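Hi,

Here is the structure I promised to pass on. Have a look at it first, and my notes on what turned up follow below.

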Amino acid sequence: MGFGKRNRAAVVVLGDIGRSPRMQYHALSLARQANLEVDIVAYGGSDPHSALLEHQSIHIHTMRQWASRDGILPKVFRPLMLLLKPLIQFIMLLWFLCVKIKAPDVFLVQNPPSVPTLVAVKWASWIRRSSFIIDWHNFGYTLLALSLGRSSRFVAVYHWVELHFGKMANGALCVTKAMQHELDQVWGIKATVLYDQPPEFFRPALLEEKHKLFCRIKKDMFKPEGPTDCISYGISIKDMQDPNTTLFTNKIGESYYDLKQNRPALIVSSTSWTPDEDFGILLEAAVMYDRRVAALLNENDSNGEEVLWKAIDDGNTFLYPRLLFVITGKGPEKEKYEEKIKKLNLKRVAFRTMWLTPEDYPLLLGSADLGVCLHTSSSGLDLPMKVVDMFGCGLPVCAVSYSCITELVKVDTNGLLFSSSSELADELMMLFKGFPDECDGLKELKKGVLDMGLSARWANEWEANAKPLISKVISGDVTSSVDLV
């Protein structure tokens, strides 16, 4: 299949490339599967996956991040900043897209953010005589409305820009059938559905890989967010330094590993700590689990939590396990929730917040027992990529229910849905009763994930859906996404 005469593509992200996995995967596929030279224009901040850094055909160009002053400026100046920020970003984007990189055959841009990204990329495509494809992850105006309100004039202007320049693209990709329908019927834009799928490095972890990962992050695992908890109790310096034992695993001899019988259940949730993910639901569910288990086991509150912790430290097991929630990600509301976690004072539930390398994050998912997704979607039309990653690692998921989530989560097959903290607590009680050996419900979900998910990979999805569209756009077979069939 032939591509353009320049044999080059540009991937544009007005965000941290290390936290934009879908665009990283696009870059890898453009280089590997389309044999193009790829320029990535994005902000820095977090390291992208090593596969990008090591690929000779991928070139990352890092823009300077806009320094946010919203928290210290008087309210009277904030409208001015809402205008000034996109203007500076627009100039920076044009400089990189028209001067810093070589002219590409096609610009592939992530949306949102829409302003000023779509405007800048469209201008650059005119100037450099390139094609222009939008990858619709969500609608930018709906995200802005979370903070400013749907009635804001800024939201109305943003919506107009997103609609107007969205129609001017030569092609469009989107993440769900529901979004494809919305773009077609309401926006007048024809889009190709490119479902998020995990790349090859998202897979179930081997027992040896689990042990080595838990050794690397042992300090983070044992360090409590607040006072001593059910995970950090009784841990000595010797335990911290011993390479043959972790919270979950033992190494016996040179090459034999096993899982501890009284280990806690490991639950992972990845979050951007933003308003469209209500982390309070998870905290409330954790408190409910803690109290309901104590009531079911007729535990005497007057004995204090240390009686239970000592029994666990001595190797005893219980009908319901300890739960360790590991929360990964960065974002604006992280510190607020960390303060709430410190005040929970739970007997058999603990939380840890971490930021892992791109190589260790898939290993953590592949080592966990359950994933929890709190994504609700500002538009109701996108799907959480974190769930795709979890499925790729063989991890079943409990996810917040909303309009199109069933395109991804199949209830009682690869996961469960919940609408409240009480429902999530019920699911935790049901799934982890008898853990680790007699939790049949959890085992059935895990089997369902493995049966459904391991055959679906990003490279196959991209080859079938994105590559033909990009080839048509570059060859000039379509002029805009309004006319695309």
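Pro436 sits in the loop between α16 (421-432) and α17 (440-453); helices here are DSSP runs of H or I with at least four residues, strands are E runs of at least two, and both are numbered from the N terminus. The bond leading into Pro436 from Phe435 is a cis peptide, with omega near 10 degrees.

Before going on, the small print. This is a predicted model, with local features needing pLDDT of at least 70 and side-chain atom pairs counting only at pLDDT 80 or more, while totals for chains, interfaces and linings use all residues. Residues are numbered from 1 along each chain as its sequence is written, and side-chain values use heavy atoms, with hydrogens and water left out.

Back to backbone oddities. Most peptide bonds are trans, and most residues other than glycine have a negative phi. Another cis peptide bond joins Val115 and Pro116, with omega at about 5 degrees. Pro116 belongs to the loop between β4 (106-111) and α4 (117-128).

Two non-glycine residues with positive phi are worth a click as well. Arg129 has a phi of about 55 degrees and is in the loop between α4 and β5 (131-136). Arg129 is exposed, with a relative accessible area of 73% (exposed is over 50%, buried under 20%, partly exposed in between, using a 1.4 Å probe and protein chains only). Asp412 has a phi of about 70 degrees, and its place is the loop between β14 (397-400) and β15 (415-418). Asp412 is exposed too, at 59% relative accessible area.

The cis bond at Pro116 also leads to Pro86, since the two prolines are in contact: leaving aside neighbours within four places in sequence, Pro86 touches Met81, Val115 and Pro116 (contact means heavy atoms within 4.5 Å). Pro86 lies in helix α3, residues 78-100, and counts as buried at 18% relative accessibility. From Pro86 to Ile127 is 41 residues in sequence and 20 Å in space, C-alpha to C-alpha.

Now for the whole chain. There are 18 helices and 15 strands. The radius of gyration is 24 Å, close to the 23 Å that the globule rule gives for 485 residues, so the chain is as compact as a globular protein of that length; the radius is taken over C-alpha atoms, and the rule is 2.2 Å times the number of residues to the power 0.38. Along its principal axes the C-alpha trace spans about 70 × 55 × 40 Å. Buried residues make up 56% of the 485. If you take the contacts with a separation of 6 or more, 75% are between residues 24 or more positions apart. The accessible surface is about 21500 Å², and carbon and sulfur atoms hold 53% of that (Shrake-Rupley method, 1.4 Å probe; for residues, only the protein chains shown count as cover).

Strand β10 (residues 265-270) is a good one to zoom in on: 6 of its 6 residues are buried, so the strand is largely enclosed by the rest of the structure. In a regular strand the side chains alternate between the two faces of the sheet. Both faces of β10 are covered, with Ala265, Ile267 and Ser269 buried on one side and Leu266, Val268 and Ser270 buried on the other. β10 runs parallel to β11 (residues 323-328), joined to it by 6 bridges, and parallel to β13 (residues 370-373), with 2 bridges; pairing takes at least two DSSP bridges. Ile267 has Phe325 as its bridge partner in β11 and stands opposite Leu370 in β13.

Helix α13 (residues 334-342) has Lys334, Tyr337, Glu338 and Ile341 buried. Down the axis of α13 these buried residues fall within an arc of 105 degrees, so they line one face of the helix (the arc is that of the directions from the helix axis to the C-beta atoms). They pack against α11 (280-296) and β12 (349-354).

Last, the cysteines. How many disulfides does the structure hold? The count is 0, where a disulfide is a pair of cysteine sulfur atoms within 2.5 Å. For Cys174, the closest cysteine sulfur is in Cys404, 10 Å away and too far for a bond. Cys174 is buried, at 0% relative accessibility.

Cheers
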